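Here are my notes for someone opening this one for the first time. Have a look at the model, then read the points in order.

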Amino acid sequence: MRVTNFIVALALFSLSSGVLLGTWDLPYWADFAPGSAFAPFWVATVGIILALALFVATLADEGGEPHNFPDRRGIVRVIALMAGLWLMVLLIPLVGFISASTLFCLLLLLGIERRPLVPSLFATAVVMTLVYGVFIAWLGIALPTGPFGI
Amino acid sequence: MDALASLAHGFSVAMTPTNLLFVLIGVTLGQLIGALPGIGPSAGMALLLPVTFGLEPVTALVMLSGIMYGGMYGGTLTSVLVNVPGEAASVMTAVDGNQLARQGRAGQALAAAAIGSFLAGIGAVTALAFLTPILSAFALGFSAPEYFLLALLGITATASLGTGSAVKAMIGATLGLMIALVGTDPIQGTSRLTFGSLELLEGIDFLPVAIGVFGIAEILVSMEQTQASRAVRTRLRDMWLTGKDWAECRMAMLRGGLVGFVIGLMPGAGPTVAALLAYIVEKKVSPHPEKFGHGALDGVAAAESANNSAAHGAMVPMLALGIPGSASTAVLLAALVLLGIRPGPMLLTEQADLVWGLIASMFVGNVILLVMNLPLAPLFASVLRIPYSYLAPGILVVSLVGAYAISLSLFNVGLTLFFGMVGYLMIRADIPRAPLVLAVVLAPLMESSLRQSLMLSEGSPAIFVERPLSAVLALLVVGSLALPLFNFLLARRAARRAGVEEALSHSSD
């Protein structure tokens with residue numbers, strides 16, 4: 001957990017510095033009222049203080065709490081799922097929301113979870129019917145469509 | 001008497017066929033969401049919020065709140081039958097509930113939890129009905145400094161009253177404040193931290209953050225390993241408490257309900273802390289503390305009564321002040337804003353139908369949940385036999401459709417995935433996610449009231465301690481920040497003393 005904490009402290013420090021730098025040109029005080037950079041300045045300051053507090057507390061902690069990350073197989077499954085989701089988002093403008101979602105469901109069930117074909121097809125059909133019924137037919141939300149009009 | 005008359009009017013709103021149907025839908029979804037490990041009520045509410053866009057505000061809110069307290073009941077099933085908490089607030093139920101199930105007493109554990117949740121729920125809604133108007137009338141005297149301090153207290157209390165590291169909880173809240181800074185400055189109209197992106201000019205919506213940080217992140221965690229849990233079976237005829245069981249549980253239910261309601265009122269504490277505290281209190285007063293951890297029915301009853309009572313108690317500050325006390329009420333508050341309703345002390349007078357209809361619907365919802373969790377519990381338990389891998393694609397697709405539906409933009413879908421990754425990393429780094437979501441919701445109120453206060457005082461921070469009420473709130477904020485430090489020092493002193501005693505015992509050996 002020590003390494004994780006150091007990374008969190010470093011990430012928070014960088015993010016807070018980014019907020020400070022990103023709002024550097026904005027006024028901290030404008031005439032008689034706090035300006036646009038007022039809140040970002042204080043949020044970033046608190047962020048930097050917390051990053052330093054976590055860094056110092058982790059340095060002082062000799063407990064050696066084990067890290068909280070999954071094994072290699074778990075990480076591969078999580079990365080595969082995330083890649084599948086981003087791929088789905090990229091495919092939506094090309095093939096439509098429903099088609100991209102169908103492909104994603106099949107990829108997840110057959111490719112990542114290694115589930116049998118027929119139950120996977122059935123589960124995908126149920127999900128798509130639900131999405132179509134609730135969001136398109138009932139709520140009338142215009143989901144992006146592909147070349148086949150779905 | 002006013003409250004009783006208003007409540008009677010609330011029943012006339014809640015008992016319309018449409019609202020009754022959506023109470024039923026809400027509590028059923030809540031029961032299922034609570035029962036499914038890997039997705040909690042806050043995530044479920046965030047995912048299903050877009051479904052309510054076509055509904056009347058009161059109908060939408062009765063459904064969403066049904067998911068919130070339905071989740072408290074549903075979490076028991078998985079805790080008792082599978083030994084995996086369906087949602088965080090059921091973690092203490094899993095300790096004794098599953099031990100009871102292994103001893104062949106799953107039915108009694110589920111019955112004690114259902115009856116305890118019901119009685120505590122009804123008690124808490126009754127208290128909510130009487131307390132909300134009083135607090136709301138009191139809050140009419142609040143001005144900008146009080147609002148700033150109240151919102152700040154909502155965030156700092158999350159850190160000091162939470163179960164994990166206070167520094168990490170504050171880090172979660174700071175990340176939420178940073179997210180809320182993105183967009184156009186609400187007072188001066190200049191763009192902040194948008195880095196030239198037109199999509200970011202309007203800021204980051206609450207829903208992509210909530211859906212990502214709660215929904216997607218939880219699915220990612222559950223994907224780390226193949227879900228292969230086996231549920232202990234239970235039968236309808238076992239779902240009953242004997243006279244001895246009832247005698248063992250009734251005071252635990254009362255104590256759990258009281259502890260839960262008080263904890264629920266506090267900003268930042270929520271049902272998980274309530275269940276934990278009620279369990280500890282019950283162990284202290286129980287005539288058989290040695291049974292705790294090995295199958296104590298009163299432990300199950302106390303924890304479950306407390307979490308349901310806390311879920312209802314958290315509605316008091318949300319309805320009376322517009323300040324959410326937990327992640328679930330933060331989603332409810334966001335729903336109010338999305339439905340075009342301004343939260344705050346005026347809500348009770350401006351939207352009396354909505355508030356009283358919502359409160360009355362909770363009485364109805366708790367009755368439906370009692371039926372679902374006593375005679376129908378074995379039916380819901382059968383849902384646990386569906387492999388989780390068949391449910392995950394549906395939850396993910398509905399999450400992304402919901403994110404798209406907010407503004408019909410794929411940018412929001414991408415943001416949802418981004419926040420899903422952020423939420424996953426937060427879970428793995430042990431950073432609580434509720435403070436982040438609370439901070440995103442509270443940040444606009446915090447910033448505008450802070451700047452208005454300083455404008456009124458011409459820059460003097462003394463405005464935050466000039467009025468007695470703001471001075472009390474400022475003291476509470478300082479106290480909530482000092483509490484973790486105090487706990488840390490106490491723990492260090494205890495560790496040092498234990499070290500000295502150990503050294504002394506070694507030297508005497």
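1. One definition before anything else: two residues are in contact if their C-beta atoms, placed from the backbone, lie within 7 Å. Keep in mind, too, that this is a predicted model.

2. Let's start with a helix in chain B, α19, which covers residues 410-428. Which elements do its buried residues pack against? They meet α8 (166-181), α9 (206-222) and α18 (388-407) of chain B, together with α3 of chain A. The buried residues of α19(B) include B:Leu415, B:Leu417, B:Phe419, B:Tyr424 and B:Met426. B:Gly420 and B:Gly423 are also on that list, as are B:Asn412 and B:Thr416.

3. The length of α19(B) checks out nicely. Its 19 residues should span 27 Å at 1.5 Å a residue, and the C-alpha atoms at its ends are 27 Å apart, so the two agree. Following the helix comes B:Asp430, which has a positive phi, near 65°.

4. On to the place where the chains touch. How many residues does each chain bring to the contact? Chain A gives 56 residues and chain B gives 45 residues. On the chain A side, at least two residues come from each of α1 (2-22), β2 (33-34), α2 (38-60), α3 (72-95), α4 (97-112) and α5 (117-138). The largest share belongs to α2(A), with 10 residues. Sorted by class, that side of chain A has 44 nonpolar residues, nine polar and three charged.

5. Chain A is split by the domain assignment into domain 1 (2-60) and domain 2 (72-138). Their C-alpha centres lie 39 Å apart.

6. Now chain B as a whole. It holds 22 helices and two strands. Its radius of gyration is 23 Å, close to the 23 Å given by the globule rule for 509 residues, so chain B is as compact as a globular protein of that length. Along the principal axes, its C-alpha atoms fill a box of roughly 70 × 65 × 55 Å. Of the 509 residues in chain B, 61% are buried. If you take the contacts in chain B with a separation of 6 or more, 80% of them link residues 24 or more positions apart.

7. For a helix pair to look at, try α5 (residues 91-102) and α6 (residues 106-139) of chain B. Their axes are 7 Å apart and the helices pack at an angle of about 145°. The contact uses B:Thr93, B:Gly97, B:Leu100 and B:Ala101 from α5(B), and B:Ala106, B:Gln108, B:Ala109 and B:Ala113 from α6(B). Those residues divide into five nonpolar, three polar and no charged.

8. Last, a couple of backbone oddities. Most residues other than glycine have a negative phi. A:Arg114 is not a glycine, yet its phi is positive, about 55°. You'll find A:Arg114 in the loop between α4 and α5 of chain A. Is A:Arg114 buried or exposed? It counts as exposed, because it has 10 C-beta neighbours inside 10 Å, and the cut-off for exposed is 12 or fewer.

9. Chain B offers a similar case: B:Glu458, also not a glycine, has a positive phi of about 55°. B:Glu458 is in the loop between α20 (434-456) and α21 (463-466) of chain B. With 9 other C-beta atoms within 10 Å, B:Glu458 is exposed.

Technical notes
Residues numbered from 1 in each chain as written. Chains lettered and ligands numbered in written order. Predicted model: local features only at pLDDT ≥ 70, side-chain atom pairs only at ≥ 80, totals over all residues. Helix = DSSP H or I, 4+ residues; strand = E, 2+ residues; numbered from the N terminus. Nonpolar A, V, L, I, M, F, W, Y, C, P; charged D, E, K, R; others polar. Domains from an automatic or database assignment. Expected span 1.5 Å × (residues − 1). Buried ≥ 20, exposed ≤ 12 C-beta atoms within 10 Å, placed from the backbone. Rg over C-alpha atoms; globule rule 2.2 N^0.38 Å. Axes fitted to C-alpha atoms, helices over the stretch in contact; angles between N-to-C directions.
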